[in-house]
Amino acid sequence: MHFSSLLAVAALTTLASAAPVADNLRDLTYGDRTAYASAWNAGHAPPQQSYYPAPGGQGGYPPPPPPPSGGNNQPSPGNNGPGSPPPDNSQGIPAPPKQASDKPFALDNGFPTVPNPSDALTKINLAARGTLSNAPPPANPPSAQTLTSLKLIAFNELFETFYFTELLKNVTEGVKGYGFQDQALKKKVIDTLVAVQAQEQLHALNANNALNRFNAGPIKACQYDAPVDNFIDAIKLASTFTDVVLGTLADVSVVAGQNGDAGNIRGFTASLGQEGEQNGFYRDLLGKIPSALPFLTASLRDFAFSALNQNFVVKGSCPNIDTIDLKIFGTLTLETPGDIQPKDQNLDFSFPSGQNQGSGKLSLVYINQQNVPVVQPIQQLTAKGPDGKIRFSSPLPYTKNLMNGLTIAAVVDGEGPFPNITSVGAKTLFGPALIEIN
Ligand SMILES: *[C@@H]1O[C@H](CO)[C@@H](O)[C@H](O)[C@H]1NC(C)=O
Ligand SMILES: *[C@@H]1O[C@H](CO)[C@@H](O)[C@H](O)[C@H]1NC(C)=O
């Protein structure tokens, strides 16, 4: 999954308010779709702002999607069973053109502003199959570091709510690329996504409520863009960013421990495990075993914040991102195409030219599981190509370390030593590139 390179997809953008409201666990209604309908009828996107250059730098809009075709070439989800038919995308409706919204993401139920108590919250709880905690907050106010962690969590969960809202809509409406032949599987996916979409809302509300208690919030929603257009890629992407969140919530817990916030850690790890349950389902859909590794891959708050901004957040659209004291590194792109195979191999990477290259003595670091980071000097950088990118390759020692699941790659300044992920983060210039194996 080439998280970053997917963003090269042209003039895209976001969905503002097509909001599923789960009145019960089955019946879904949606927000106002007239903007999509009129844009589709006109055959082109309305003349709104676009955020990414179109291929060839024309800055235009993508052409309308092609009419539904007679078949599709997509792989089928793994638990359709071997040899079973792929999702039936021939019945899919053409997706409306992507259009830029000039509003931050919001749902019809008021999210991200949902009072406690309220009817809206009761409905979210029902769909999420549980509630916000009614326990009093920890006696001590959180440290500045833990407030930063809560801001990151809110920032991430707002994006995740956007993502699963859009994914649920695509599956429910049978948008092209999101069709299913197996109606039982479709129902299971919808039932799951209804719960997940509500659970992500509660994760975001929980973090913002904690911030509000200490006048440090709320973190406001941005505009987002999901760089996918079919169910398999959407689930691969969800699995990848969920893996990053799992590692990051462990970092959040470490930072809380270091800063006297033990009282917050139970809540952080409760959502960590919850997201792990989600990822087991995504992996199952992809034909992988649900549990990837004995010990999941570590991440850092700065890696998660960088990945969100590099891949999903529409630049300049976040009203109070400047209140989040975390780093956004330069982008490191995995250039090796296709799914990365479980074997020793050279992987190709690139980063943009003209950005800080530190001392110039660069190393590539791979972080996988709870192992000591693999640090390798970068032997040779190619000159800047016509695309303005600098390329290099680096061996992946898969066999020795059984580097399954998520591997985080980063370009760091110097040769180390980098005995742990925190020391890697302190010297990172470009990253994270996200590699998923098995
Ligand atoms: C939903 O489908 C549209 C149309 O293909 C696509 O642009 C968007 O990225 C998809 N979103 C997700 C989360 O799959
Ligand atoms: C990480 O390594 C550095 C040395 O580079 C050390 O100072 C630090 O204590 C280590 N941190 C953790 C959490 O082990």
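Guide: Before we start, one definition: strands are DSSP runs of E with at least two residues, numbered from the N terminus, and two of them pair if DSSP finds at least two bridges between them. Also keep in mind that this is a predicted model.

Visitor: Thanks! In what sense do strand 5 and strand 6 pair?

Guide: Strand 5, residues 362-368, pairs with strand 6, residues 374-377, in the antiparallel sense over 4 bridges. One residue to look for is L364, whose bridge partner in strand 6 is Q376.

Visitor: And how many residues sit between the strands in that hairpin?

Guide: The hairpin of strand 5 and strand 6 has 5 residues between the strands. Have a look at Q369 there, since Q369 takes a positive phi near 55°.

Visitor: What about the open sheet, in what order do its strands come?

Guide: The order is 3-4-7, so to speak your way across 3 strands, with antiparallel pairing. Strand 3 (333-334) and strand 7 (389-396) stand at the edges with a single partner strand each, so one side of each has no neighbour in the sheet.

Visitor: How many bridges join strand 4 to strand 7?

Guide: There are 8 bridges between strand 4 and strand 7, and the two run antiparallel. On the other side, strand 3 and strand 4 (residues 345-352) are also antiparallel, over 2 bridges.

Visitor: Which residues can I find facing each other there?

Guide: Try F349 in strand 4, the bridge partner of L334. F349 also stands opposite F392 in strand 7. Another match is T333, which stands opposite S350 in strand 4.

Visitor: New topic, helices! Why does the length of helix 5 make sense?

Guide: Helix 5, residues 231-258, has 28 residues, and at 1.5 Å a residue they should span 40 Å; the end C-alpha atoms are 40 Å apart, so the two agree. After helix 5 comes G260, with a positive phi near 75°.

Visitor: How many residues of helix 5 are buried?

Guide: 24 of the 28 are, so helix 5 is largely enclosed by the rest of the structure.

Visitor: Which residues touch the most other members of the largest nonpolar core?

Guide: That core has 104 residues, and the ones touching the most other members are A154, L158, Y224, V365, A409 and A410. Helix 5 gives the most to this core, with 15 residues. Domain 1 (5-323) and domain 2 (333-437) both give residues to the core, so it lies between them.

Visitor: Now two glycines. G360, buried or exposed?

Guide: G360 counts as exposed, because it has 8 C-beta neighbours inside 10 Å and the cut-off for exposed is 12 or fewer. G360 lies in the loop between strand 4 and strand 5.

Visitor: And G267, buried or exposed?

Guide: G267 is buried, with 20 other C-beta atoms within 10 Å. You will find G267 in helix 6, residues 262-285. G267 and N206 are 61 residues apart in sequence, yet their C-alpha atoms are 9.6 Å apart in space.

Visitor: Last one: which residues are around ligand 2?

Guide: Those are P419, N420, T422 and S423. By class, that shell has 1 nonpolar, 3 polar and no charged residues.

Methods
Residues numbered from 1 in each chain as written. Chains lettered and ligands numbered in written order. Predicted model: local features only at pLDDT ≥ 70, side-chain atom pairs only at ≥ 80, totals over all residues. Near = placed C-beta within 6 Å. Nonpolar A, V, L, I, M, F, W, Y, C, P; charged D, E, K, R; others polar. Expected span 1.5 Å × (residues − 1). Core = buried A, V, L, I, M, F, W, Y, C linked by C-beta atoms within 7 Å. Domains from an automatic or database assignment.
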